[in-house]
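Q: I'm new to this structure and would like to learn how to read it. Can we go through it feature by feature?

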Amino acid sequence: MADEEEAKIESRLEGKDIYSPPEGFKEQANVNDPEIYEYAEENYEEFWADKAERLDWYEKWDEVLKWDPPHAEWFVNGKLNASYNCIDRHVKNGKGDKTAIIWEGEPVDETKEYTFSELQDEVSKFANALKEMGVEKGDIVTFYLPMIPELAIGLLACARIGAPHSVVFGGFSPEALKERINDAESEVLVTADGYYRRGGTIKMWENAEKALKNTPSIDNVVLVDRMERDIEINEERDSYYHELVKDQPAECEPEKMDAEDMLFLMYTSGTTGKPKGVVHTTGGYLTGVSATHNWVFDIKDDDIYWCTADIGWITGHSYIVYGPLANGCTTLMYEGSPDYPEKDRFWEIVEDYEVTKFYTAPTAIRLFMKWGEQYPNEHDLSSLKVLGSVGEPINPKAWKWYHEVIGGGDCPIVDTWWQTETGMMLITPLPGITDLKPGSATKPFPGLRADVFDSQGDSVDTNEGGYLVIKRPWPSMLRTLYQEPERYVETYWSEYENDIYFAGDGARKDEDGYFWVVGRLDDVLNVAGHRLSTMEMESALVDHPAVAEAAVVGKPDELKGQVPVGYVILESGNEPSDELAQELRAHVGEIIGPIGKPAAIRFSDDLPKTRSGKIMRRILKKLEKGESAGDTSTLRNPDIVKELKDKVQ
Ligand code: WT7
């Protein structure tokens with residue numbers, strides 16, 4: 001954006017840092033009575049029961065919530081099916097011809113649309129194919145797919161037959177895929193031959209094949225022929241998706257699932273050890289995601305809703321597939337990158353489909369800002385009504401740009417704070433009620449209680465920093481970590497009393513009770529909205545034969561929020577060089593996936609360590625931020641800090 005443009009926006013906004021819901025918006029909003037907060041605070045079980053009533057149940061629950069901290073069961077003994085709720089009931093209610101999914105491929109003009117009836121057929125066929133393959137209720141099916149319709153169809157097919165899915169983000173490495181398949185002991189992998197990215201081809205099949213060398217549990221591989229590539233398959237193990245579904249009947253009776261049956265598993269990075277298998281269940285999850293989606297995006301029957309996330313992350317599960325479809329809403333999926341063929345692709349899509357509700361991440365917004373407003377300005381974006389943000393804190397400057405340039409100054413922005421573990425948005429505005437403050441995710445969703453604690457477990461004073469906690473269970477909360485029940489208790493419920501959820505984020509609460517989340521407090525990086533563990537990157541580095549020791553810390557980055565930087569001590573006999581740095585970066589990329597590639601490698605003979613030999617990552621972090629290292633007197637080797645400082649600058 002030109003400087004004077006920016007100055008114009010900044011000055012117009014000066015002194016006006018509160019954005020009330022536009023009058024016209026308020027009137028038509030699905031929820032606009034602020035009293036809902038008091039009602040839900042006092043009657044939170046009734047509040048959630050009411051939200052659960054929005055779904056169709058085969059059998060109603062006996063009890064809304066059984067809370068035996070830190071273990072929750074929601075809608076006890078209730079029976080339902082998520083696939084039925086996302087598809088069949090809409091068909092039954094006369095919406096069979098409404099578009100359920102709009103899919104836009106990366107190649108321009110490659111699009112597909114599925115009505116709810118068509119989706120019902122496709123999902124049923126694939127569900128039947130999975131059954132024929134021997135998949136039964138409770139078997140975990142792993143997906144490693146690009147953003148193609150088969151991914152959404154696959155999840156719903158699994159949900160239909162009660163087979164939990166585990167989606168591994170398509171940008172992850174073979175190593176990461178292998179680890180997740182083995183942890184889940186999946187017998188079936190659904191993958192593709194490849195996909196388009198910036199006009200080029202990503203060879204997904206080669207990655208899958210690498211992983212499949214060490215996944216003894218896999219009996220069957222379903223291959224989607226996305227690119228019609230000429231590849232060699234293993235006839236015994238592999239079958240093409242289109243051949244499998246071709247002759248299947250288009251009816252498949254949905255399995256009656258218990259509210260607490262696992263709907264899916266989603267791996268996420270933790271501070272230590274292997275990725276955590278976050279377990280989400282059926283009744284509470286679907287209640288939570290559909291209710292939040294409806295209120296936060298103010299969903300109407302004629303909405304065209306677009307969330308730009310990848311279904312490989314929780315955002316895609318909750319707010320591309322389950323939330324929108326449970327609400328009978330048209331959901332748009334885009335396969336490719338925002339700058340192909342030109343940097344206006346997103347805005348072209350918004351204009352073409354007349355997108356009304358749009359959900360993206362701050363890292364993308366900062367990128368659009370950098371590209372300049374000429375790209376959105378080439379398009380008619382007047383269909384937009386609500387804009388969402390998720391993944392990391394959004395800086396006020398990006399917020400205002402989003403509001404002005406994309407929203408034309410009159411779309412509420414919903415900055416939604418939540419996590420893989422929370423399943424649904426927890427701290428978020430309601431666009432017809434909440435006065436917005438750029439940079440704040442505002443207030444807990446009705447029925448929730450959040451707070452900021454000090455290390456003793458007391459609420460901190462207004463505007464003081466501390467640890468973000470959630471003080472009440474919510475329906476779509478994770479139930480456990482797959483096969484690691486103790487780690488579940490330890491990670492989330494042991495910092496304070498066992499009914500206080502520890503989010504791992506730092507935050508403050510202002511004088512109006514608004515939450516300002518600052519980011520992770522643990523050794524987890526947020527790289528372009530992706531949660532990555534520094535520990536995994538460190539073990540990837542030391543896995544290289546030239547590396548003796550390594551520490552990875554985050555460096556602030558204007559576009560991505562944070563980028564990883566690797567500090568490396570080499571094994572003797574190895575010399576630092578640019579080539580070696582490139583090799584190490586590539587090596588981490590191989591093991592974790594391209595998003596985990598360190599932005600820089602800093603070679604050193606030593607690292608700041610405590611007397612007991614522990615690397616003081618805190619000091620490295622400060623150096624990367626350009627801050628002073630602070631007190632180094634307790635270090636075994638304080639001199640190294642100065643040396644490193646020179647390298648960083
Ligand atoms: C972490 C969760 C939730 C889906 C995407 C990420 C950060 C997320 C916000 C926000 C400030 C945010 C937090 C959180 N985060 N949304 N609106 N404002 N920070 O899911 O990979 O589980 O990461 O993302 O640090 O703990 P995730």
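A: Sure. Let's begin with a term: helices here are DSSP runs of at least four residues, numbered from the N terminus. Keep in mind that this is a predicted model.

Q: What phi does Glu 354 take, just after H13?
A: Glu 354 takes a positive phi, about 55 degrees.

Q: And which residues of helix H13 are buried?
A: First the general idea: an α-helix has 3.6 residues a turn, so residues three or four places apart point the same way. Now the case here: H13 covers residues 345-353, and its buried residues are Arg 345, Phe 346, Trp 347, Ile 349, Val 350 and Tyr 353.

Q: How do I read the surroundings of the ligand?
A: Start with who sits around it. The shell has 17 residues, and Asp 415, Thr 416, Thr 420, Arg 520 and Arg 531 come nearest. Then look at the atoms: a ligand oxygen is 2.6 Å from an N or O atom in the Thr 420 side chain, and a ligand nitrogen is 2.8 Å from a polar backbone atom of Thr 416. The protein buries 95% of the 550 Å² that the ligand exposes when taken alone. Helix H12 and strand E25 each give two or more residues to this shell.

Q: How many cavities of 30 Å³ or more are there in the whole structure?
A: Rolling a probe the size of a water molecule over the atoms shows where empty space is left. In this structure, the search finds 2. The largest has a volume of about 50 Å³, and its lining divides into 8 nonpolar, 2 polar and no charged residues. Among the lining residues are Cys 158, Met 262 and Thr 282.

Methods
Residues numbered from 1 in each chain as written. Predicted model: local features only at pLDDT ≥ 70, side-chain atom pairs only at ≥ 80, totals over all residues. Heavy atoms only, no water. Near = heavy atom within 4 Å. Polar contact = N/O pair within 3.5 Å; in protein donor to acceptor, adjacent residues only side chain to side chain. Areas by Shrake-Rupley, 256 points an atom, 1.4 Å probe, with all protein chains shown as cover. Buried < 20%, exposed > 50% of the residue type's maximum accessible area, 1.4 Å probe, protein only. 1 Å grid on protein atoms, 1.4 Å probe; cavity = no way out; pocket = protein on both sides within 12 Å on 5 of 7 lines; lining within 4 Å. Points joined across faces, edges and corners; volume = space filled by probe spheres on them. Nonpolar A, V, L, I, M, F, W, Y, C, P; charged D, E, K, R; others polar.
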